[in-house]
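User: Hello! I am new to this structure and would like a close look at a single part of it. Could you take your time and walk me through what surrounds that part as well?

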Amino acid sequence: MAGEFYKKLNLCVRRRRVLRDLVLICNERLVIPVALVYLAGIFSELSNGDRKGTVLLIAVPAAAFLAITVLRKAIGRPRPYNELDISPIVARVRESCSMPSRHVGSAFAIGSVLTALAHPVLGAIVLALGVVIAASRVLGGVHYLTDVTAGAVIGLLSGVAAYLLK
């Protein structure tokens with residue numbers, strides 16, 4: 001049943017050029033504003049002289065990225081285009097696992113840590129971008145909905161960790 005859903009979703013995106021182009025743009029380009037906002041947060045922490053905040057802002061998302069990478073290898077879930085009869089909208093990634101999503105996990109970790117460290121506007125921007133990235137990864141055929149959800153949860157838990165450590 002889930003396979004049919006993803007096949008229909010893939011066909012729907014593939015048939016609508018505007019949607020297909022939007023998915024590609026979101027997938028390829030949204031990491032840039034996430035990185036820029038992240039750097040702005042780091043710069044803000046450095047400017048405030050908050051060494052602990054700076055360390056947390058760098059270390060917590062890095063730890064989340066590492067945890068997601070380890071989990072992906074342990075879970076070993078194939079990408080939708082490897083399991084289902086679909087052609088991804090987003091360029092194929094070499095054989096790799098899909099659960100949890102590192103793109104989404106990273107965006108949510110950065111956004112939630114920024115929020116936890118008293119940068120709610122920057123955090124909200126990155127979290128909103130994270131939602132769009134998650135949608136583009138599912139619509140692009142490279143992740144299942146559960147993959148991006150798991151990435152988001154890990155990212156949000158990173159924010160909780162940063163809040164507790166600050």
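Which residue forms a salt bridge with Asp21, and how many Å apart are the closest N and O atoms?

Analyst: Happy to help! Please keep in mind that this is a predicted model. The partner of Asp21 is Arg17, and the closest N and O atoms of this salt bridge are 3.6 Å apart. For a pair to count as a salt bridge, the side-chain nitrogen has to be within 4 Å of the carboxyl oxygen, so the 3.6 Å between Asp21 and Arg17 meets that cut-off.

Now let us see where the pair sits. Both Asp21 and Arg17 belong to helix α2, and four residues separate them in sequence, about one turn of the helix. Helix α2 itself covers residues 17–29. The two partners fall into separate classes of accessibility. Arg17 has a relative accessible area of 58% and is therefore exposed, because exposed means over 50%. Asp21 has 28% relative accessibility, so Asp21 counts as partly exposed.

It also helps to follow helix α2 to a neighbouring helix. The axes of α2 and α7 come within 9 Å and cross at roughly 125°. That angle makes α2 oblique to α7. The crossing of α2 past α7 is left-handed. Helix α7 spans residues 120–139, and in the loop between α6 and α7 you will find Ala118. Ala118 is worth a glance: although Ala118 is not a glycine, its phi is positive, at about 70°. Ala118 is also exposed, with a relative accessible area of 56%.

To put your salt bridge in context, here are its companions. The structure holds three salt bridges. One of them joins Lys7 and Glu4, with the closest N and O atoms 3.9 Å apart. Lys7 and Glu4 both lie in helix α1 (residues 2–15), three residues apart, which is about one turn of the helix. Lys7, at 32% relative accessibility, counts as partly exposed, and so does Glu4 at 43%.

Another salt bridge links the side chains of Arg77 and Asp147, at 2.9 Å from N to O. Arg77 lies in the loop between α4 (51–75) and α5, while Asp147 lies in helix α8, so this pair ties together parts that are 70 residues apart in sequence. Arg77 counts as partly exposed at 22% relative accessibility, whereas Asp147 counts as buried at 0%.

Since Asp147 has brought us to helix α8, let us look along that helix. Helix α8 runs over residues 145–165 and includes Val160. Val160 is part of a nonpolar surface patch, together with Val153, Leu157, Tyr163 and Leu164. The patch has about 530 Å² of accessible area together. Val160 has 44% relative accessibility, so Val160 counts as partly exposed.

One last stop is a peptide bond. Met99 and Pro100 are joined by a cis peptide bond, with omega at about -5°. Pro100 has its place in the loop between α5 (80–83) and α6 (102–116).

To return to your starting point: Asp21 and Arg17 meet in a salt bridge, both within helix α2, and helix α2 passes α7 in a left-handed crossing.

Technical notes: Residues are numbered from 1 along each chain as its sequence is written. This is a predicted model: local features need pLDDT of at least 70, side-chain atom pairs count only at pLDDT 80 or more; totals for chains, interfaces and linings use all residues. Side-chain values use heavy atoms; hydrogens and water are left out. Patches are made of residues with over 30% relative accessible area and no salt bridge: like charges are joined within 9 Å, nonpolar side chains (Val, Leu, Ile, Met, Phe, Trp, Tyr) within 5 Å. Accessible areas come from the Shrake-Rupley method with a 1.4 Å probe; for residues, only the protein chains shown count as cover. Helices (H or I, at least four residues) and strands (E, at least two) are DSSP runs, numbered from the N terminus. Buried means under 20% relative accessible area, exposed over 50%, partly exposed in between (1.4 Å probe, protein chains only). Axes are lines fitted to C-alpha atoms, for helices over the stretch in contact, and angles run from 0 to 180 degrees between N-to-C directions. Angles under 35 degrees count as roughly parallel, over 145 as roughly antiparallel, 65 to 115 as roughly perpendicular and the rest as oblique. A crossing is left-handed if the near helix is turned anticlockwise from the far one by less than a right angle, and right-handed if clockwise.
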